[in-house]
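Trainee: I've got this model open and I'd like to go through it with you. Where do we start?

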Amino acid sequence: AGRESWSWREGECSRVRRRLEQKPLAVGRTKGSEILFGIAPCSLALSQSRRELFRLFLKQGRGSQPLVRSEFVLQATARGVPVLEVSRRELDALCRGQVHQGVCLEATPLRFKSLEEAEKPELKDEENPSRELVWLVLEQIQDPMNLGALLRSAYFLGVDRVVTSQRNSCPLTPTVSKASSGAMEVFDVYSTDDLQSFLKTKTAEGWEVVGTVSRPEEVENVPVISCLEFQWEKPLLVVIGSEGDGLSLETQLLCHRMLAIPPGRTLHPGIESLNVSVATGILLHSICSQKQR
């Protein structure tokens, strides 16, 4: 009888647990909002004035990094943003199972800026108008993790602007912000619906356009050099192609030179190239280090 009673109680607990798990979450969403997740994106979004902010969600429980929690509460209070403590399950549902590190932020989306805004000089440009400029141009980057990693490298290494093509390109999503470690929250990204016309215009203004290639033998009519040998003296556009196909032929033909990264060994077929964000980081370091010198 004791075993039967224990079995009944265990079965009843299981049924109650299943009912609780099936209960819909109480946290709603503001129309037109999105959910940022992760410590760096949420903290940087709170510190800037680039988004409209609705609510900050923190994971319940004393074990949740008290110093980080208190800093978030201070930031949210200063911006007048309500703070809600919710369960981990609710946080998981809010960001659809992404790694949230115990914090989510409901806010309006970030949009690409127009090229007209990109042409406006920043304060540091006005103070030193003769300084050399480097812009990173992205053609049809579709993976949000790659786009985030590209923005993080560009911000860290000192790129002045990032311009992306509108067609077949990833938007500025919370996943991009997380992959950029929050760089997207402080670094403007510009967009154009006619990449080739943009490159022609900048060439006419005296800029140099350099593309990137993993297989030099596939490029025709454009000189290919190692990034280790590349020297530049003009304002520079570094153009990066899509993950699978690289630069389109139309864009390649608008480049003055193509840059390649020399491998450190003889490579096996199938692993002859780098991830686009890794390759871009190597190229940008080689280029931007010249500017710093």
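Mentor: With a bit of vocabulary: a helix crossing is called left-handed if the near helix is turned anticlockwise from the far one by less than a right angle, and right-handed if clockwise. Keep in mind that this is a predicted model, where local features need pLDDT of at least 70, side-chain atom pairs count only at pLDDT 80 or more, and totals for chains, interfaces and linings use all residues. Numbering starts from 1 along each chain as its sequence is written, and side-chain values use heavy atoms, with hydrogens and water left out.

Trainee: OK, then which way is the crossing of α2 and α3 handed, left or right?

Mentor: The α2/α3 crossing is left-handed. Helices here are DSSP runs of H or I with at least four residues, strands are E runs of at least two, and both are numbered from the N terminus.

Trainee: At what angle do the axes of α2 and α3 cross?

Mentor: Roughly 30 degrees, and the axes come within 9 Å. Axes are lines fitted to C-alpha atoms, for helices over the stretch in contact, and angles run from 0 to 180 degrees between N-to-C directions. So α2 is roughly parallel to α3 (under 35 degrees; over 145 is roughly antiparallel, 65 to 115 roughly perpendicular, the rest oblique).

Trainee: Which residues in α2 meet α3?

Mentor: I39, C42, S43, A45, L46 and S47 do, and on the α3 side they meet V68, F72, Q75, A76 and R79. Contact means heavy atoms within 4.5 Å. By class, that's 7 nonpolar, 3 polar and 1 charged residues. Nonpolar covers Ala, Val, Leu, Ile, Met, Phe, Trp, Tyr, Cys and Pro, charged covers Asp, Glu, Lys and Arg, and the others, Gly among them, are polar.

Trainee: And which strands does α2 lie across?

Mentor: Helix α2 (39–47) lies across β1, β2 and β4, at about 40 degrees to β4. Helix α3 (66–79) packs on the sheet too, touching β2, β3 and β4, and its direction makes about 165 degrees with that of β2.

Trainee: What's the strand order in that open sheet of 4 strands?

Mentor: β1-β4-β2-β3, with mixed pairing; two strands pair if DSSP finds at least two bridges between them. β1 and β3 are at the edges with a single partner strand each, so one side of each has no neighbour in the sheet. β1 runs antiparallel to β4, joined by 4 bridges, and I35 has E106 as its bridge partner.

Trainee: Switching topic: how many strands form the open sheet with parallel pairing?

Mentor: That one has 8, in the order β5-β8-β7-β6-β11-β9-β12-β10. Its edge strands are β5 and β10, each pairing on one side only. Strands β6 and β11 share 5 bridges, with W135 partnered by L237. Helix α7 (144–157) lies across β6 and β7, at about 175 degrees to β6. Further along, 3 bridges join β9 to β12, where V210 stands opposite R257, and β10 pairs with β12 over 3 bridges.

Trainee: Where in the chain is confidence lowest?

Mentor: In helix α1 (2–22), with a mean of 50, whereas β11 is highest at 98. That's pLDDT, the predictor's confidence in each residue, from 0 to 100. Over residues 19–24 the pLDDT is below 50. Where pLDDT is low, don't read the predicted coordinates in detail. The chain mean is 86, with 85% of residues reaching 70 or more.
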